[in-house]
Protein chains: 2
Amino acid sequence: MAKRITMAELARAANVDTSTVSRALNDSSLVKEETKRHILNIASDLGYVIHASARNLRRQSSETIGLVIPLVPESGQTISDPFFLEMVGAVAHAASQEGYDLIVNVPSAEQQDGAEQRLLQTGRADGLIIIGQAGRTEFLNKLGKLAERVVVWGGSVPEANYTVVGSDNVRGGELAVEHLLNRGRERVLFVGDSALPEVQLRYEGLKKAHRVAGLEHDADLILPEGFGGKSTFTDLQRVLDSGLEFDAVFAASDVLAITAIHSLQAYGKHVPGDVSVVGYDNIGQASIMTPALTTIDQHIADGGRIMVELLLRKLAGTDVRSRTNSTELVIRDST
Amino acid sequence: MAKRITMAELARAANVDTSTVSRALNDSSLVKEETKRHILNIASDLGYVIHASARNLRRQSSETIGLVIPLVPESGQTISDPFFLEMVGAVAHAASQEGYDLIVNVPSAEQQDGAEQRLLQTGRADGLIIIGQAGRTEFLNKLGKLAERVVVWGGSVPEANYTVVGSDNVRGGELAVEHLLNRGRERVLFVGDSALPEVQLRYEGLKKAHRVAGLEHDADLILPEGFGGKSTFTDLQRVLDSGLEFDAVFAASDVLAITAIHSLQAYGKHVPGDVSVVGYDNIGQASIMTPALTTIDQHIADGGRIMVELLLRKLAGTDVRSRTNSTELVIRDST
DNA sequence: GACTATAGTGCAATCGATTGCATTTCGCAC
DNA sequence: GTGCGAAATGCAATCGATTGCACTATAGTC
């Protein structure tokens with residue numbers, strides 16, 4: 001495999017100036033068709049490939065989008081959370097479809113805030129997709145002009161002056177709990193930490209569903225768990241020990257739901273016989289577990305694609321509005 | 001947030017030449033300590049950030065490694081396969097620890113082969129990590145000089161002249177099946193497509209375990225399934241219908257194992273009562289399903305870290321040998 | 001045949017940082 | 001006060017491509 005060929009060498013070989021080569025490679029109408037073909041042939045003969053940094057420097061762009069996944073350690077999230085990983089996959093796929101490269105960055109806690117600016121301002125990425133805004137809304141609002149090149153995944157926050165894409169968390173929560181209530185369940189344990197904006201909204205949905213059904217949700221029926229779910233198993237055991245009564249669980253994520261099911265079963269409870277469980281996300285494994293998990297599909301793949309599309313539109317200068325994707329109830333065996 | 005500041009502007013503000021600024025920022029010993037401090041202060045006041053393309057152009061490096069995940073569509077793989085995703089997470093984490101950016105590329109079938117060269121030769125990435133070599137060994141061997149900047153994940157292939165990192169597939173298969181045989185199981189159904197190198201090796205392990213136990217594996221007990229597992233559920237139902245007897249399943253991946261368990265249960269078989277099941281990978285969900293999956297841990301996170309380390313060492317010019325990571329049997333409830 | 005648009009090319013500056021070499025500054029010895 | 005070596009700093013070329021502008025063929029017009 002040949003070593004790097006520079007454009008100057010290619011130009012010499014084709015007996016033209018580099019400017020002509022450049023235009024030919026960019027398919028400019030200024031170059032005669034015949035010359036173009038000639039240059040293209042020689043280019044492929046010599047195995048010429050453009051040097052990205054040189055072009056990017058001159059063009060002041062990078063044809064790259066950055067995906068930033070700022071973990072919130074206190075919430076117990078890790079990069080191996082299936083939700084994140086599926087999102088990475090979805091965005092990677094969408095970006096490559098659009099001919100963009102994708103830089104994935106998982107800043108550690110102390111790099112927070114700096115990471116985004118570094119990617120944008122060093123010119124490494126033309127635009128950014130940030131997953132999650134937990135506790136960072138002020139930071140995001142301070143982005144100022146940089147916000148023009150940012151799309152954030154998360155719950156829609158009214159005060160956001162940046163573009164947010166997310167699923168309709170309230171509606172999702174409502175669908176989930178409406179389904180449980182329709183099934184005749186009456187005491188729904190909510191598992192999730194409503195300090196996180198998305199979770200908060202999903203809980204709103206739960207309350208709304210109760211209201212619509214003429215019920216009120218018992219505030220005791222809340223088990224605040226981060227997304228990680230590390231301690232969820234034992235925490236739930238403790239709830240069961242306490243004798244608190246409930247006949248359904250609505251978990252703020254599938255990982256939490258799966259852990260909850262596991263914990264319930266370990267306690268001798270039958271799912272869905274004794275307790276119905278609904279999750280949130282519809283990650284891949286939800287369908288292949290036993291019992292298959294009833295959950296709220298927030299269409300991660302679509303979400304990833306939409307974020308890429310919106311970002312590219314923003315970069316092109318189009319004005320773009322925040323967007324809320326619809327959610328869908330997927331009924332399986334856990335309810 | 002300020003707009004881009006160029007190094008020349010920073011130099012002017014600090015009353016020095018750009019060369020001094022450059023050296024100061026790179027902490028060169030040629031610059032007086034006091035001058036360094038002065039420049040660093042002004043730099044942070046002005047919010048200066050270096051322009052990556054410019055530096056990369058000059059330095060002929062990118063401080064970026066590329067992660068290429070060439071899907072083999074015939075094998076039913078998708079980017080959302082938990083194994084890939086966990087690998088992405090592991091590599092992303094390791095790369096960022098080392099101060100490298102990570103470009104993730106998922107070439108579609110027709111981009112195959114071209115993607116790697118593009119990333120390297122355009123200077124977008126200094127080195128490459130390629131996940132999986134299925135059916136591409138000749139291509140990889142043809143990389144020639146480029147191979148110096150590539151590390152591949154996969155089964156160790158004797159004829160490879162590139163660096164391969166992978167788990168000890170033979171030993172893994174052996175451990176899994178040895179465990180089943182120790183548990184008194186006698187007829188082990190192998191689920192996996194041995195056209196894929198790793199799977200082939202795992203199957204070797206199965207045979208080896210039989211040999212050690214003085215048994216021979218019945219060649220009928222093979223269900224060739226790609227990694228995707230789309231049709232695995234129904235294929236296994238068909239096997240059950242056929243009356244073929246087996247009391248254990250060794251699946252070439254956890255996804256396959258999970259699907260198999262689901263299929264068995266749907267058929268009324270009890271796991272592990274009627275059939276014991278062992279998977280391969282130890283993906284996150286293996287531990288939180290019911291029954292929790294006995295599986296071979298191939299330490300994905302370690303693998304990702306090791307690949308990054310080896311790649312960086314190669315880039316630094318050190319000679320590096322291929323590496324086989326140890327595997328470990330994780331016993332849970334499915335056996 | 002001279003003249004003017006127009007299509008094609010080439011020239012040279014430029015993007016922003018790095019680095020070999022030349023130059024200045026400084027401290028110190030005589 | 002001069003000289004000299006070492007320590008700091010500046011100058012200018014360079015990395016590889018893009019692009020505004022100047023220039024030269026070419027075709028078409030009268």
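Which helices of chain A and chain B each supply at least two residues of the surface near DNA strand C? That was my way in, and I kept in mind that this is a predicted model.

**Entry 1: the DNA side**

I went to DNA strand C and listed what lies around it. From chain A, I noted α2 (18–25) and α4 (52–59) as suppliers of at least two residues each. From chain B, I noted α1 (7–14), α2 (18–25) and α4, again with at least two residues each. I then looked up the residues that come nearest to DNA strand C, out of 27 around it. They are A:Ser19, B:Met7, B:Ser19, B:Ser22 and B:Ala54. Sorting the surface by class, I got 10 nonpolar, 10 polar and seven charged residues.

**Entry 2: where the two chains touch**

Next I checked chain B against chain A. I found 46 residues of chain B in contact with 46 residues of chain A. On chain B, I wrote down α4 (52–59), α5 (82–97), β2 (101–105), α6 (114–121) and α11 (254–266), each of which gives at least two residues to the side that touches chain A. Which element gives the most to that side? I have α5(B) down for this, with eight residues. By class, I split the residues on that side of chain B into 20 nonpolar, 19 polar and seven charged.

I looked at β2 separately. Strand β2 (residues 101–105) of chain A pairs with β2(B) in the antiparallel sense, over three bridges. In that pairing I see A:Val104 opposite B:Leu102.

**Entry 3: how the copies relate**

I laid chain B on chain A. The fit took a turn of 180° and a shift of 0.0 Å along the axis, and the RMSD came to 0.2 Å. I noted this as the relation of a two-fold axis. Why do I say the copies meet through the same surface? Because 100% of the interface residues of chain B are also interface residues in chain A.

**Entry 4: a sheet in chain B**

Last, I traced an open sheet of six strands in chain B. I read the order as β7-β6-β8-β9-β10-β12, and the pairing is mixed. At the edges I have β7 (222–223) and β12 (328–330) of chain B, which each pair on one side only. Inside that order I followed one pair: β9 (residues 276–281) and β10 (residues 294–297) of chain B run in the parallel sense over four bridges. Which residue of β10(B) does B:Tyr280 stand opposite? I found B:Ile296 there.

Technical notes. Residues numbered from 1 in each chain as written. Chains lettered and ligands numbered in written order. Predicted model: local features only at pLDDT ≥ 70, side-chain atom pairs only at ≥ 80, totals over all residues. Pairing = 2+ DSSP bridges. Contact = placed C-beta atoms within 7 Å. Nonpolar A, V, L, I, M, F, W, Y, C, P; charged D, E, K, R; others polar. Near = placed C-beta within 6 Å. Least-squares fit on C-alpha atoms with pLDDT ≥ 70 in both.
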